[in-house]
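Colleague: I would like to learn how to read a model of this kind feature by feature, with the general idea first and the particular case after it. Could we begin with a single residue and work outwards from there?

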Amino acid sequence: MSTPHPIPRLSRRSLLAATGGLASAGILSACSGAKTSGGGGATSSSSTVLLSTQFSPVEEKQRFEKILSTFVTDPKTSFNSMAMADFTTQVKSQVDAKKVQFGIAAALHGELTPLADYLEDVDSLVPDAAAAGIGKDLLALGKLGGSTQKYIPWMQASFVVAVNKKALQWLPSGADVTALTYDQYLSWAQAAAKANGKPVFGFPAGPKGLYHRWFQGYLLPSFTGGVITTFTSSEAATAWSWMKDFWAVCNPASTNYDNLQEPMARGEVLVGWDHVARLVQAPKDKPDDWLMVPAPIGPKGLGYMLVVAGMGIPKGGDVATAAKAIRALLQPKVQIEVLRQNAFFPVVKADLPSDLSAPVKMEAEAVAKQTASPKAIVALPPVGLGAKDGELAQVFKDCFREICLQNGDPKTVLGKYTATVTSILDATKVPCWAPDPAMSQCRVG
Amino acid sequence: MSATITVDTGPLARFKRRRALLQLAAVSISLFMAVPIYLIAVAAFSTRDGLNQFPQPLWPKNFGTQTMETFLSSTGIVAGTINSLIVGVSTLIVSFLVGAPAGYALARFTFRGKDAYQLALLFTRALPIVVLSVPLARAFLATGLYDTPLAVTLLHTALSLPTTILITSSVFLGVSADVEEAARIFGCTPAGAFLRVVLPLALPGIAASSIFTFVTSWNEVLGATILTFSQRTLPAQVLTSLADSPLAYRFAGGLVLVIPSLIFIALMRKYLLNMWGTTIR
């Protein structure tokens, strides 16, 4: 049992020799590695790199690389996708060191805001963007609260509700699934949970879920007409009580859901609200089983949030080449292709083609209905908060945890977090953003 | 007349029982290690539909290679693997070239501040990379090493040197000073004695310590992500992407990430015993 393994002398010698061989090979080859960015060309003068936080999932990335190599050929553009924290570090350190290795920084509005000082002014591109049909409001977001244009809008998205037709049997009588009220949405969830024996509604409240956007763009605007100014209002307390009741009939595994398309594909969740680019994966295999509908309507209207991604040029980068690539990405055919493949909507004026795949078509219709609703209240992600954006999002997540998971009293919890919101606003001194009424400095109450 | 000879079978039974229990323990420990890897492998080679079934079959019932193929054909997997191997092997070599002499000095000589030196070695691991990330990236950008495997190699070498030095020093302690003296008496130079006698004897232990170095380097994500841009190592290339990807790809990626270090450990396995054998007495 305990005989030690005899290690032959020869093998030591050969191991030593092999190590020596590897040493020279390794040290020689360490000078140059293999290139891992995909899409277009390398870093020569007629090419550029698009660094982004979007399209990181394996398949989305492959599809976007294909779009780049097909449509954006002058300059050749390669794609590099990173998590948000790495993205921020890379942009900052490369700009600071004055050795910028990428042409375009493309990310969500909220991810670009803290980087405003690291981005070149792109006012020269504004006429092109306006000519392509990008709306004034959308373009204005790209100023990041300053006076010059910091990014050009790239693509947009929103959040809608996906419904598996199986759940329609529990829909309250008289309710129109494409124009639900919050009360109907809640009683539907309650009836479904009761009839089915376990909840069928889901909520993306996982560690990486986007549920703070539900409070910022949907629940609170619909109930209160605002987010920040009405933070402690009695309507806000009603909204949070609604949330508490709704949470009681949500799938309790929701705190693990970073997104809903997978639990939906597994059949664990039949109805749920999430980002369109995520939900679009749910009906992929069986589009006939699914519906996509606008978010519910509250006492004040149909609050919905606009998600905008923009393209900026890092300070010290090759502006001319990057600008060329940005113009190429604003072409309607490229924007439509992004919608077709990755479910983000065009920001430019583009006619939606009729041959979209079923899930994308469903999604496009739901978003159009949501935007066109006479009761629509558009909400933007926080404007001008910079790095504090995440802190504000955390406030809503904390409120959710204390009210819904720990059964706190909405009024008390909201009161407790008012100080946090106030300190964030005091530190940034920004004007209010939609849906709160514009005022010189945003304040609670 | 027949005499019954009673044989005391007690010791034999005890021996057998002990062996059986030992086997049982060995088997269950192996299963503890192998079952998760097996399950990941099964999931990685299942169809996407198959993964949504409940309960999951424990054998590859819904066999399909599509997920794996898509994953392997995605940009940067091959390049990332090459980079990871370059970085892993270079780290191993550089940290050996720098760390082994330090370990030898710790083992053979007493000098003022030796204990403090040993303790101070560990301080490099006390500072989290997150804190260092931006300064590190800037330093490498300024020297032009940024975005090369060499940059990652240097960082990984710095990270693995403390363990390399401490392990090699205990390995050299295990090689008797007498044999080295004998070599000197028979005409070896100090360097010759080290290369011809001490090194071959210490090699198994050193090889074992290389497992740590290689696996540390293979698994390190944060530093590699900060110091590279378009020449990333495999974990830096795929890890963030996998976290956002559907479940199927996470299994495929998990399997691809775990296999190379398993192969490396398998190759170095027989030397591992030797390292513990000389250090723990």
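Modeller: Let us do so, keeping in mind throughout that this is a predicted model. A first step is to place a residue in its element: S78(A) lies in strand β3 of chain A.

Colleague: Is S78(A) buried or exposed?

Modeller: The reading rests on the relative accessible area, and a residue counts as buried when that value is under 20%. S78(A) has a relative accessible area of 2%, and is therefore buried. One may also relate a residue to another point of its chain: L141(A) is 63 residues from S78(A) along the chain, and their C-alpha atoms are separated by 26 Å.

Colleague: Let us turn to the backbone. What should I look for in the torsion angles?

Modeller: The general idea is that most residues other than glycine have a negative phi, and most peptide bonds are trans. In chain A, the peptide bond from D74(A) to P75(A) is cis, with omega near 0°, and P75(A) belongs to the loop between α2 and β3 of chain A. Another cis peptide bond runs from A434(A) to P435(A), with omega near 5°, and P435(A) sits in the segment that follows α16 (410-428) of chain A.

Colleague: And which phi does F55(A) have, although it is not a glycine?

Modeller: F55(A) has a positive phi of about 55°, and this residue is found in the loop between β2 and α2 of chain A. K98(A), likewise a residue other than glycine, has a positive phi near 55°, and K98(A) is located in the loop between α3 and β4 (104-108) of chain A. Their surroundings can be read from accessibility: F55(A) is buried, with a relative accessible area of 2%, whereas K98(A) counts as exposed at 72% relative accessibility.

Colleague: How many salt bridges does the rule give over all chains?

Modeller: The general idea is to look for a side-chain nitrogen of Lys or Arg within 4 Å of a carboxyl oxygen of Asp or Glu, and by this rule the count over all chains comes to 12 salt bridges. One of them crosses between chains, from R138(B) in helix α7 (residues 129-143) of chain B to D96(A) in helix α3 of chain A. The closest N and O atoms of R138(B) and D96(A) are 4.0 Å apart. Both partners are partly exposed, R138(B) with a relative accessible area of 37% and D96(A) at 28% relative accessibility.

Colleague: Which salt bridges should I examine within chain A?

Modeller: R327(A) and D128(A) meet through their side chains in a salt bridge with an N to O distance of 3.0 Å. This pair links distant parts of the chain, with R327(A) in helix α12 (residues 319-329) and D128(A) in helix α5 (residues 126-131), 199 residues apart. R327(A) counts as partly exposed at 38% relative accessibility, and D128(A) is partly exposed as well, with a relative accessible area of 32%. A further salt bridge joins the side chains of K416(A) and E402(A), at 2.8 Å from N to O. Here K416(A) is in helix α16 and E402(A) in helix α15 (residues 389-405), 14 residues apart. K416(A) is partly exposed, with a relative accessible area of 49%, whereas E402(A) counts as buried at 12%. Both residues belong to a network of salt bridges that links D398(A), R401(A), E402(A) and K416(A).

Colleague: How many residues of each chain are in contact across the interface of chain A and chain B?

Modeller: An interface can be read by its residues, its buried area and its polar pairs. Here 52 residues of chain A are in contact with 58 residues of chain B, and the two chains bury about 4700 Å² between them, 58% of it on carbon and sulfur atoms. The rule finds one salt bridge across this interface, and 11 residue pairs in polar contact. On the side of chain A that touches chain B, α1(A) gives the most, with 11 residues, and the residues of that side divide into 19 nonpolar, 18 polar and 15 charged.

Colleague: Finally, which residues of helix α3 of chain B are buried?

Modeller: In this helix (residues 66-73), the buried residues are T67(B), M68(B), T70(B) and F71(B). Seen down the axis of α3(B), they fall within an arc of 165°, so they line one face of the helix. On the other side of α3(B), the residues Q66(B), E69(B) and S73(B) are exposed.

Methods. Residues numbered from 1 in each chain as written. Chains lettered and ligands numbered in written order. Predicted model: local features only at pLDDT ≥ 70, side-chain atom pairs only at ≥ 80, totals over all residues. Heavy atoms only, no water. Buried < 20%, exposed > 50% of the residue type's maximum accessible area, 1.4 Å probe, protein only. Helix = DSSP H or I, 4+ residues; strand = E, 2+ residues; numbered from the N terminus. Arc of directions from axis to C-beta. Contact = heavy atoms within 4.5 Å. Buried area = accessible area lost by both parts, 1.4 Å probe. Polar contact = N/O pair within 3.5 Å; in protein donor to acceptor, adjacent residues only side chain to side chain. Nonpolar A, V, L, I, M, F, W, Y, C, P; charged D, E, K, R; others polar.
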